[in-house]
Structure formats: C-alpha cells, structure tokens
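The following exchange examines a single protein chain. Please consult the sequence and the coordinates together.

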Amino acid sequence: MNQLPEQRSEQDKESYNKQSLEQKTQHLDSSNGNLASHSIARFIAFLTRRGARLLTGARSLWIGCQPEMKQRIYYANHNSHIDFILLWSSLPKLMRRKTKPVAASDYWLKDGFRQFLIKDTFNGVTIQRNREDKADPLQPVKDALAQGYSIIFFPEGTRNLDDDLELLPFKSGLYNLHKQFPEIEIVPVWISNLRRVMPKGSFVPLPLLSTVCFGFPLEQHLEMDKATFIDYAQKQLLQLKEVENQ
C-alpha cells in the first residue's frame with residue numbers, strides 16, 4: 001500500500017530526529033571521554049613533575065636568561081629518559097603549556113601508555129631517529145615552531161651512557177632549526193647528576209641532588225657553517241657545567 005505524503009513526511013521527521021539524537025549522544029560521549037582523558041593527563045603530569053623533582057631534589061638556576069613567555073628552543077645534554085621531564089617541570093606553568101618536548105618515536109610510541117604520556121600528558125612531539133624515506137625527520141618539530149610553541153631539544157640524538165664523555169657529538173638538527181627559524185632564541189640547558197639519579201637499566205630515580213642550569217641565549221650566527229655552529233653550541237652548553245660547579 002502506498003503511503004500518503006503526510007505519512008511519509010511524519011516518518012521522515014521521526015527518522016531525522018532519531019538520527020540527530022544519536023549523533024548528539026555520540027558527540028556528548030566523545031566530549032566527555034576527551035574531557036576525562038585530558039583531566040587524567042593533567043593529573044599524571046602533576047604527579048610526574050612533583051615526583052621527579054622530589055626524588056631528584058632538582059633545583060633550577062636561571063643564569064643567563066629569565067623564565068619569560070617568549071618562544072625558545074631549549075637544548076640540553078641527554079643522559080636519561082627523565083631529562084625532558086626535569087627541564088619541562090623547571091618552567092613556570094604558563095610556559096610549560098607552550099613548550100613541547102621532542103622525543104624519539106621508537107621509544108615513546110612503543111605502546112599505548114607511552115603514547116598517552118608523551119602526547120597527552122606532556123604535549124610532546126615525536127620524531128623518527130632512523131630515516132626510512134626521504135621525509136624530513138624534523139618536520140613535526142618545525143611544525144610546532146611554526147605554530148608558536150617552544151621546544152625542548154636534545155641535539156646529541158640519543159642518551160649519552162658513556163661516563164667518560166661529557167657530550168656525544170651533536171647531530172645537525174639544531175643547526176638546521178637555527179637556519180630556518182633564526183628569530184627564535186636558542187637557550188643551552190645543562191642537566192647535572194642525572195646519570196647517577198637514573199642509572200642505566202633503572203626504573204626508579206635515586207634520591208640525589210640534580211640541577212637544571214639555563215644559560216645565555218646563543219648569538220645569531222647565520223654566517224657559520226654547520227661544523228662551526230655545532231662546535232659553538234657545544235661549547236656554550238659545556239660552559240654551563242663549569243658555572244654550575246663553581
């Protein structure tokens with residue numbers, strides 16, 4: 001039996017209203033899920049920040065600059081997986097929200113929990129250390145800088161586990177970022193004692209005093225070639241170690 005136009009119109013309205021209600025319910029569920037995830041991430045960030053600073057006895061020394069709301073590239077020595085947590089937690093709250101740590105995807109994207117930590121808790125950027133194609137491994141970092149974020153960067157490229165070496169040779173990443181974003185301040189940061197706070201293979205930090213030392217921003221040297229700039233950046237970082245020991 002054919003339906004009258006009035007009957008089809010009423011059924012169409014009921015169907016539309018039902019679909020609309022389902023869509024609103026799904027959107028509300030998604031919003032509630034995102035809100036819960038965001039709240040959990042902020043709570044974990046709070047616990048991690050407080051816990052790391054408590055266990056390591058970390059103190060922050062702003063020697064060459066002040067904690068200001070300006071875009072910066074903070075580059076530091078790299079001895080443990082909690083390096084970026086200590087540096088990040090040394091920043092004031094508003095600065096932390098505008099600063100993204102750069103981390104290796106092969107470690108931080110291994111499982112769902114690590115992904116949640118680096119992306120949702122610390123709002124970080126992950127990069128591939130081993131290039132598999134012609135893609136620029138620094139592109140996610142460049143995107144973050146182009147969006148106005150500061151970053152925490154480890155130019156050694158991997159953790160230095162050699163007790164006889166103060167720094168591993170820098171990769172070219174810092175030089176490339178300086179060339180593309182010359183207007184952004186580059187601040188050296190020396191993190192001391194973390195090799196002893198987090199020895200290789202340990203999962204819980206040992207309660208030892210550590211220091212996060214912020215130095216003078218690098219002078220703009222666009223005329224330098226890669227080798228000269230990297231040598232300059234390394235020396236400026238190592239000078240902070242001497243200052244911290246005075």
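The questions below concern the sheet, a helix and the surface.

This is a predicted model, in which local features need pLDDT of at least 70, side-chain atom pairs count only at pLDDT 80 or more, and totals for chains, interfaces and linings use all residues. Residues are numbered from 1 along each chain as its sequence is written, and side-chain values use heavy atoms, without hydrogens and water.

User: Which strands stand at the edges of the sheet, and why is one side of each left without a neighbour?

Analyst: Strands are DSSP runs of E with at least two residues, numbered from the N terminus, while helices are runs of H or I with at least four. Two strands pair if DSSP finds at least two bridges between them. The open, mixed sheet has the order β1-β7-β6-β2-β5-β3-β4. Each edge strand has a single partner, so one side lacks a neighbour; these strands are β1 (59-62) and β4 (125-127).

User: Which residue of β5 is the bridge partner of Pro101?

Analyst: Strand β3 (residues 99-104) pairs with β5 (residues 150-153) in the parallel sense, over three bridges. In β5, the partner of Pro101 is Ile152.

User: Is Ile63 buried, partly exposed or exposed?

Analyst: Ile63 is found in the loop between β1 and β2. Buried means under 20% relative accessible area and exposed over 50%, with partly exposed in between (1.4 Å probe, protein chains only). Because its relative accessibility is 35%, Ile63 counts as partly exposed.

User: What percentage of the 246 residues in the protein chain is buried?

Analyst: The chain comprises nine helices and seven strands. Of its 246 residues, the buried share is 41%.
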